[in-house]
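Take a moment to open the sequence and the 3D view side by side. We will walk through them together, one stop at a time.

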Amino acid sequence: MMTIAKVSEKFNLSQDTLRYYERIGLIPRVNRNKSGIRNYTEEDCRWVEHVKCMRGTGLPVELLLEYVSLYQQGDETIEERKELLFEQRKQLMIKLEEMKKVLGRMDDKIATYEQTILEKEKKLNRSLYVPLN
């Protein structure tokens, strides 16, 4: 069992985010002790990790809620869940290709700046060089 503070630290999510995820149903209701303090189980933590991973890919909260709803309906929704994840994977691959293009452009621009700086340094060094006779 883990407190919300420990789960927050473990997954690098704010406690407010964890409460929000629980409130809207992205993660199951977390059991509480007699004092009302949340006690996260390993299963709860797996849900937190899954939601964080999916959000990290850019999956909208609405689609995650749909996924969770399908999951809660049982095994008869396995194909629908798989299709939802497959569609999101396709979108992520498109974004990845776009990011690769942007990264290539940035690398080219950085190389241009580095070449410009190198040329200016060479000119500066030549002008500073005075032969001793």
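What follows is a tour of the chain, from its confidence scores to single residues and a pocket.

This is a predicted model, in which local features need pLDDT of at least 70 and side-chain atom pairs count only at pLDDT 80 or more, while totals for chains, interfaces and linings use all residues. Residues are numbered from 1 along each chain as its sequence is written, and side-chain values use heavy atoms, with hydrogens and water left out.

Let us begin with confidence. The pLDDT is the predictor's confidence in each residue, from 0 to 100. Its average over the chain is 92, and 97% of the residues score at least 70. Helix α1 (residues 4-11) has the highest confidence in the chain, at 97, and α5 the lowest, at a mean of 92. Helices here are DSSP runs of H or I with at least four residues, strands are runs of E with at least two, and both are numbered from the N terminus.

Now look just past the first helix. N12 sits in the loop between α1 and α2. Is N12 buried or exposed? N12 is exposed, because its relative accessible area is 66%; the cut-offs are under 20% for buried and over 50% for exposed, with partly exposed in between (1.4 Å probe, protein chains only). Most residues other than glycine have a negative phi. N12, however, has a positive phi of about 55° although it is not a glycine.

The next stop is the loop between α2 (15-24) and α3 (42-56), where you will find R38. R38 is buried, because its relative accessible area is 14%. Its side chain is joined to that of E22 by a polar contact of 2.6 Å. A polar contact is a pair of N or O atoms within 3.5 Å; within protein, one must be able to donate a hydrogen and the other to accept it, and residues adjacent in sequence count only if both atoms are side-chain atoms. Beyond residues up to four places away in sequence, R38 touches M2, T3, I4, R19, E22, V30, N31 and R32. Contact here means heavy atoms within 4.5 Å.

N39 lies in the loop between α2 and α3. N39 is buried, because its relative accessible area is 17%. Leaving aside neighbours within four places in sequence, the contacts of N39 include M1, M2 and D44. S35 also has its place in the loop between α2 and α3, but S35 is exposed, with a relative accessible area of 63%. The C-alpha atoms of S35 and R23 are 19 Å apart, with their positions 12 residues apart along the chain.

Further along, T77 occupies the loop between α4 (61-73) and α5. T77 is buried, because its relative accessible area is 2%. Which backbone oxygen does the side chain of T77 reach? The side chain of T77 reaches that of G74, at 2.8 Å. Not counting residues up to four places away in sequence, T77 touches L70 and Y71.

We now come to helix α5 (residues 78-128), which holds E80. E80 is partly exposed, because its relative accessibility is 45%. From E80 to L70 the C-alpha distance is 7.6 Å, and the two are 10 residues apart in sequence. G104 is in helix α5, and at 30% relative accessibility G104 is partly exposed. Measuring along the sequence aside, G104 and I78 lie 39 Å apart in space, C-alpha to C-alpha.Our last stop is the largest pocket, which has about 150 Å³ of space. On a 1 Å grid over the protein atoms alone, a pocket is an open set of points where a 1.4 Å probe fits, with protein on both sides within 12 Å along at least five of seven lines, and lining residues have an atom within 4 Å of a point. Grid points are joined across faces, edges and corners, and the volume is the space filled by probe spheres set on the points. Which helix gives the largest share of the lining? That helix is α5, with six residues. Among the residues lining the largest pocket are M54, P60, L85 and K95. By class, the lining has five nonpolar, four polar and two charged residues. Ala, Val, Leu, Ile, Met, Phe, Trp, Tyr, Cys and Pro count as nonpolar, Asp, Glu, Lys and Arg as charged, and the others, Gly among them, as polar.
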